[in-house]
Amino acid sequence: TNYFKIAVLPGDGVGPEVTDESVKILKTIGSLFNYNFDFKYGIIGAEAIFQTGNPLPEDTLELCKHSDAVLFGAIGDPSFDNNPDAKVRPEQGLLRLRKELGLFANIRPLKTYSSLVSKSPLKKEIIEGTDIQIYRELISGIYFGEKYTEEDGSYAYDVCRYSREDIVQIAHLAFQDAQKRRKKVTLIDKANVLDTSRLWRKVCKEIAKEYPDVALDFMFVDNAAMQLILNPKQFDVILTENMFGDIISDEASVIGGSIGLLPSASIGDSNALFEPIHGSYPQAKGKGIANPIASILSAAMMLDHLRLEDAARKLRESVEHAIENKYVTADLNSEQSYSTSEVGDFIVDYIKYSEKTYYN
Ligand code: IPM
Ligand code: MN
């Protein structure tokens, strides 16, 4: 079939602007490649709280459950960040959505583009040629363990818990991906201190036996934070638990030159969600300055997931073309920059033009 139901959740801050560009581009791809993408919109996050009081309304959840893929923008609003007493928070919408859809693996690819290596504050020799795939566990660990705050505010806790099953399912994906790449998995943990980390090591060592062509090594998260900046090329596939993955992936984004470039895919047994790794960037909301590339590359990951590999390849090629021609937003070129929608239009035109020349 060539029919795909896509749930679109633009969310907060710059989420709607960057998602608009992805939808625009997917429409172009749909008409050129003959795919029928049926976009159905839902609300989530702060926007949903303001409208309904609930950061993940039931309608939105149902829509996502019955879609072939979810295209997600961003979530978060400063009015909640600065209020520790807020009981309902935008982030709860995304966390619950991940949990309800069973999106256990969050995949965050990181590559350097040769025309952008100078944008990173890190030295060119260190970062050039970096190609890392981060597998972050997404629905367990400290994010989802028991939480408690004592009434009088005297103490609070968050429990970090992992089951063997939580680890097994994502570890297999990481090893399988490594087989197609440079055949190395690095498990990032804190096994010198945490029981959960020791469980991760034990389970991963067992699974590694099923992938004799893949080397498994281990690194403590504190050292990994340093190694990522000192020598990122040593990494191929990184496998890690939820919170370490959250932190490490923001750090890793510095290598690519801008967090505005990095996409992600969150995969479960029957659902999948695609979102930029950047947040809602509320200061930029409505200004047309947000980089749409992270969202657009998330859409490319979605095309791969839907097994529309030709379209995904074309989309990535068009993004590379925009970057090489410096048709980028201000985060990547302060001298001459284009708006969010100009970058999207450029990509649309490139896809149309290159497909036409290809077929004629
Ligand atoms: C991310 C974000 C989320 C997370 C927030 C918005 C809950 O930082 O996707 O990395 O911590 O997982
Ligand atoms: Mn994060």
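## Backbone outliers in loops

In this predicted model, the loop between helix H1 (15-33) and E2 contains Asn34. Phi of Asn34 is positive, near 65°, in a residue other than glycine. Most residues other than glycine have a negative phi. Asn34 counts as exposed because it has 8 C-beta neighbours inside 10 Å, and the cut-off for that class is 12 or fewer.

Lys183 is another residue other than glycine with a positive phi, near 65°. Lys183 sits in the loop between helix H7 (164-180) and strand E8 (184-189). With 14 C-beta neighbours inside 10 Å, Lys183 counts as partly exposed. A positive phi near 65° is also found at Arg307, which follows H11.

## The sheet

The model has an open sheet of 10 strands with mixed pairing, in the order E2-E1-E3-E12-E11-E4-E5-E10-E8-E9. Its edge strands are E2 (36-41) and E9 (215-220), each of which pairs on one side only. On average, neighbouring strands of this sheet are turned by 25° against each other, direction ignored.

Part of the order can be followed through individual pairings. Strand E1 (residues 3-11) pairs with E3 in the parallel sense, over five bridges. In this pairing, Ile6 stands opposite Ala69 of E3. Strand E3 (residues 69-74) is joined in turn to E12 by two bridges, and these two strands also run parallel. The bridge partner of Val70 in E12 is Leu273.

## Strands E11 and E12

How many residues lie between E11 and E12 in their hairpin? There are four residues between the two strands. The pairing of strand E11 (residues 263-267) with E12 is antiparallel and has five bridges. Within it, Ser266 has Leu273 of E12 as its bridge partner, and Ser264 stands opposite Glu275 of E12. Leu273 is thus the E12 bridge partner of Ser266 and of Val70. E11 is also joined to strand E4 (residues 105-111) by three bridges, with the strands running antiparallel. There, Asn106 stands opposite Ser266 of E11.

Both strands of the hairpin are mostly covered. Five of the five residues of E11 are buried, and five of the five residues of strand E12 (residues 272-276) are buried. In a regular strand the side chains alternate between the two faces of the sheet. On one side of E11 are Pro263, Ala265 and Ile267, and on the other are Ser264 and Ser266, all buried. For E12, the buried residues are Ala272, Phe274 and Pro276 on one side and Leu273 and Glu275 on the other. Both faces are therefore covered in E11 and in E12.

## Helix H11

Helix H11 (residues 293-305) has 13 residues, which should span 18 Å at 1.5 Å a residue. The end C-alpha atoms of H11 are 18 Å apart, so the span agrees with the expected value.

Is H11 mostly covered or mostly uncovered? H11 is mostly covered, with 11 of its 13 residues buried. The buried residues are Ile293, Ala294, Ser295, Ile296, Leu297, Ser298, Ala299, Ala300, Met301, Met302 and Leu303.

## Annotated binding site

An unreviewed UniProt entry carries the annotation "binding site" for Asp222, Asp246 and Asp250. These residues span 29 residues in sequence, yet no two of their C-alpha atoms are more than 14.4 Å apart, so they gather at one spot.

Asp246 lies in helix H10 (residues 242-256), and Asp250 lies in H10 as well. Asp246 counts as partly exposed because it has 18 C-beta neighbours inside 10 Å, where 20 or more would make a residue buried. Asp250 has 15 such neighbours inside 10 Å and so counts as partly exposed.

## Surroundings of ligand 1

Which residues surround ligand 1? They are Ile75, Gly76, Glu91, Leu94, Leu95, Asp246 and Ile277. One of them, Asp246, is covered by the UniProt "binding site" annotation.

The shell around ligand 1 divides into four nonpolar residues, one polar and two charged. Helix H5 (residues 90-100) contributes the largest share of this shell, three residues.

Note on methods: Residues numbered from 1 in each chain as written. Chains lettered and ligands numbered in written order. Predicted model: local features only at pLDDT ≥ 70, side-chain atom pairs only at ≥ 80, totals over all residues. Pairing = 2+ DSSP bridges. Expected span 1.5 Å × (residues − 1). UniProt positions renumbered as here; feature names shortened; annotations may be inferred. Near = placed C-beta within 6 Å. Nonpolar A, V, L, I, M, F, W, Y, C, P; charged D, E, K, R; others polar. Axes fitted to C-alpha atoms, helices over the stretch in contact; angles between N-to-C directions.
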